Amino acid sequence: MADLTTGYMGLTLKNPVIIGSCGLTHSVKEIKKLESHGAAAVVLKSIFEEQISMDSDALSSDFHTHSEEADYLRNYTKQHTLDKYLELIKEVKKEVGIPVIASINCASAAQWVSFGKAVQDAGADGLELNIFIMPAGIKEKGGNIEKIYFDIINEVKKHISIPLAVKMGFYFSGLANTIFELSLRGIAGIVLFNRFYRPDIDLKSEKLTTADIFSTPDEIYLPLRWVGMMSSEVKCDLTASTGIHDGFGVVKCLLAGAKAVQVASIIYQKGAEHIGVMLNQVQEWMKEHNYSSIKDFNGKLAQENIKNPQLYERAQFMKYYANASST
Ligand SMILES: Cc1cc2nc3c(=O)[nH]c(=O)nc-3n(C[C@H](O)[C@H](O)[C@H](O)COP(=O)(O)O)c2cc1C
């Protein structure tokens with residue numbers, strides 16, 4: 001058997017398959033199952049800024065008395081949600097041997113900074129900041145939004161010593177520059193990319209609905225391109241996320257230079273057993289190609305290591321367009 005060990009965020013992983021933050025990583029029982037089927041690490045379900053604010057506001061709006069009491073209640077509710085999360089970290093750490101990465105979904109520097117320290121004290125091996133600011137404001141300039149990302153990192157870093165990662169989206173005009181700039185800020189990893197809630201339209205009812213929450217395998221090409229282009233440029237590790245549904249997808253991301261991958265949708269669809277299937281496929285490919293360890297091929301097809309690096313940047317197929325225009 002080939003050696004599947006890899007390193008991500010300064011953590012040693014027994015293989016490159018991390019279970020990304022999702023509902024499956026929100027209970028000790030599920031996480032134990034994921035570990036028993038081969039998961040190398042888990043990113044806990046994110047605690048959301050909105051979730052905590054909503055809990056507090058919902059309660060306090062029912063509470064039409066003295067504002068001091070409403071404040072007390074708001075603080076109590078907030079503390080309760082946070083305590084439950086910290087309890088989860090402690091319990092999971094007691095029960096499993098794999099690295100446990102906490103996750104905070106945030107959009108501002110202020111609210112979560114002290115919680116990062118609490119997460120560390122509870123025993124998390126790392127912290128992933130799931131930062132998302134929808135650039136929907138027509139007066140909001142890109143640079144201002146990027147500054148919020150940098151500020152959040154700077155603030156959180158002041159309070160923790162465990163490795164920090166940023167999970168990001170791709171709604172940036174200068175995406176390569178943003179990824180690079182993020183990597184200069186002392187973080188240990190970047191996750192490319194988060195997959196967001198996607199609105200759809202139901203034609204029958206003429207109403208806005210939600211598109212499928214699970215990815216499809218062809219969504220892998222987005223992270224694959226950006227991991228390939230950025231893995232030899234950034235000053236931290238990259239993991240690929242979105243559309244990785246089998247071991248061959250894992251291998252592609254490793255070839256492009258990811259240190260590991262994060263998976264969610266396919267584990268919902270096929271169960272924890274699928275982790276073993278993916279790892280067998282990685283083994284199978286490595287055997288066929290005579291590799292005995294991940295480092296033998298990790299980054300082999302990163303942009304800087306290939307003869308024709310423009311292939312990653314190519315946006316249009318001349319051949320396709322030429323043929324299409326002649327039909
Ligand atoms: C049901 C569900 C819940 C999710 N919850 C979170 C979350 O709390 N925090 C987060 O950062 N990502 C969350 N994600 C996103 C996943 O971690 C992952 O980035 C995304 O689904 C793309 O990976 P995939 O193609 O393997 O599903 C969730 C995904 C799903 C399907």
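## Contacts with the ligand

In this predicted model, a polar side-chain atom of Ser46 is 2.6 Å from a nitrogen atom of the ligand. Asn130 also places a polar side-chain atom by the ligand, at 2.7 Å from an oxygen atom. For Ser241, the distance from a polar side-chain atom to an oxygen atom of the ligand is 3.1 Å. A pair of N or O atoms counts as a polar contact when the two lie within 3.5 Å.

On its own, the ligand has 610 Å² of accessible area, and the protein covers 89% of that area.

## The shell and the pocket

How many residues surround the ligand? There are 20 of them, and the closest are Ser21, Ser46, Asn130, Ser215 and Ser265. Two of these names, Ser46 and Asn130, appeared above with their distances to ligand atoms.

Sorted by residue type, the shell has 10 polar residues, seven nonpolar residues and three charged residues. The ligand takes up the space of the largest pocket.

## The hairpin of S10 and S11

Strand S10 covers residues 199-202, and strand S11 covers residues 207-210. The two strands run antiparallel and are joined by four bridges. One residue pair can be named here: Asp202 has Lys207 in S11 as its bridge partner.

Together S10 and S11 make a hairpin, with four residues lying between the strands. Glu206 belongs to the turn of this hairpin, in the loop between S10 and S11.

## Two backbone details

Most residues other than glycine have a negative phi, and most peptide bonds are trans. The model contains an exception to each of these statements, given below.

Which residue in the turn has a positive phi? The residue is Glu206, with a phi of about 55 degrees, although Glu206 is not a glycine.

The other detail concerns a peptide bond. The bond from Leu192 to Phe193 is cis, and its omega is near 0 degrees. Phe193 is located in the loop between strand S9, which spans 189-192, and S10. S10 is also the strand that pairs with S11 in the hairpin described above.

Note on methods
Residues numbered from 1 in each chain as written. Predicted model: local features only at pLDDT ≥ 70, side-chain atom pairs only at ≥ 80, totals over all residues. Heavy atoms only, no water. Pairing = 2+ DSSP bridges. Near = heavy atom within 4 Å. Polar contact = N/O pair within 3.5 Å; in protein donor to acceptor, adjacent residues only side chain to side chain. Areas by Shrake-Rupley, 256 points an atom, 1.4 Å probe, with all protein chains shown as cover. 1 Å grid on protein atoms, 1.4 Å probe; cavity = no way out; pocket = protein on both sides within 12 Å on 5 of 7 lines; lining within 4 Å. Sits in = over half its atoms within 2 Å of the grid points. Nonpolar A, V, L, I, M, F, W, Y, C, P; charged D, E, K, R; others polar.
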